[in-house]
Amino acid sequence: MALDQFPHGHEVEVEFNSFELDPNAPLYSGKSIHESLSKKYGMSVEQAKKANEDLGKQASSVGLKFNFEGMKPTNTFDAHRLFQWAKTKGKEYTYTEKVLLAYFSDSKHIGDIETLVQLAVEAGLDKEEAIEVLQNKEAYAQEVRADESKAQRYGVTGVPFFVINQKYAISGAQPLETFRNALQQVWEEENPAPVLKDLSSPSQGAVCTDEGCD
């Protein structure tokens, strides 16, 4: 939304990177997202539900529908490996959108191989190649780990996390105004107005202004 309102939005390049909130997470076991968060953060299930409800309201305010009751928390490493492959095909944005919608809204298991293959196909990627990538557990694993190492160097501990021109960071679901201001600030720093150094001799040279000539 901020990019749509930013005069130079068409000149901004958006790059997605891999990040796992819990690299050791198991595949979906049947537990709800509330139960998983309760165990991970040492809170009650009711507290987890309340936190998710609040997050759902934020999502709703920008036109997103999060279905927490149907979410299937799982290990996402294969989804990230497939993302890295999609990147080589120029389909990372479409693929990512499909995966996020599948998880947050459509209650799909994005740790499941068949689900990931279907999402890849929906994103316009080749089915057989997707299967080949997923079956080879080493395929694009280094690329995922490289992104995560970079995130560690930046000090990223949660998502969403935005890095602008490797100079500024925005952490969390911030208000629209925060992103607009950040874009404008970075643009002005990267494209400063020209400042001329005056080499004129102070004692010579006629100058005319709106008020007359000297």
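E15 is partly exposed in this predicted model, with a relative accessible area of 47%. Its salt-bridge partner is K87, and the closest N and O atoms of the two are 3.5 Å apart. The pair links distant parts of the chain. K87 sits in helix α4, which spans residues 77–88. E15 belongs to the loop between α1 (2–5) and α2 (33–41). The two residues are 72 residues apart. K87 is likewise assigned as partly exposed, because its relative accessible area is 24% and the buried class ends at 20%.

The E15 pair is part of a wider set, as the structure holds ten salt bridges. Side chains of opposite charge can pair when their charged atoms come close. A second long-range case joins E129 and K89, with an N to O distance of 3.2 Å. This bridge also connects distant parts of the chain, its residues being 40 residues apart. E129 lies in helix α7 (residues 127–135). K89 lies in the loop between α4 and α5 (92–104). E129 is partly exposed, with a relative accessible area of 32%. K89 is partly exposed too, at 42% relative accessibility. Shared partners also occur: salt bridges join E20, R145 and E148 into one network.

A local bridge is found between K50 and D54, whose closest N and O atoms are 3.1 Å apart. Both residues lie in helix α3 (residues 45–61). They are four residues apart, about one turn of the helix. K50 is partly exposed at 47% relative accessibility. D54 is partly exposed as well, at 31%.

Helix α6 presents a buried set of residues. The helix covers residues 113–122, and T115, L116, V117, L119 and A120 within it are buried. These buried residues of α6 pack against α4, α5 and α7. The N-terminal end of α6 is capped by D112. A side-chain oxygen of D112 lies 3.3 Å from the backbone nitrogen of E114. Just after α6, G124 adopts a positive phi of about 90°.

T115 illustrates the surroundings of this helix. The residue lies in α6. T115 counts as buried because its relative accessibility is 18%, under the 20% limit for that class. A polar atom of the T115 side chain lies 3.4 Å from the backbone oxygen of H109. When residues up to four places away in sequence are not counted, T115 touches K108 and H109. H109 therefore appears both in the contacts of T115 and in its polar pairing, given that contact is taken as heavy atoms within 4.5 Å.

The surface also carries a nonpolar feature. L3, V12, V14, F16 and Y93 make a nonpolar surface patch of about 350 Å². Y93, one of these residues, is found in helix α5. Y93 counts as partly exposed because its relative accessibility is 37%, and the exposed class begins over 50%. That value satisfies the patch criterion of over 30% relative accessible area.

Key: Residues numbered from 1 in each chain as written. Predicted model: local features only at pLDDT ≥ 70, side-chain atom pairs only at ≥ 80, totals over all residues. Heavy atoms only, no water. Salt bridge = Lys/Arg side-chain N within 4 Å of Asp/Glu carboxyl O. Buried < 20%, exposed > 50% of the residue type's maximum accessible area, 1.4 Å probe, protein only. Polar contact = N/O pair within 3.5 Å; in protein donor to acceptor, adjacent residues only side chain to side chain. Patch = residues over 30% accessible without salt bridge, like charges linked within 9 Å, V, L, I, M, F, W, Y side chains within 5 Å. Areas by Shrake-Rupley, 256 points an atom, 1.4 Å probe, with all protein chains shown as cover.
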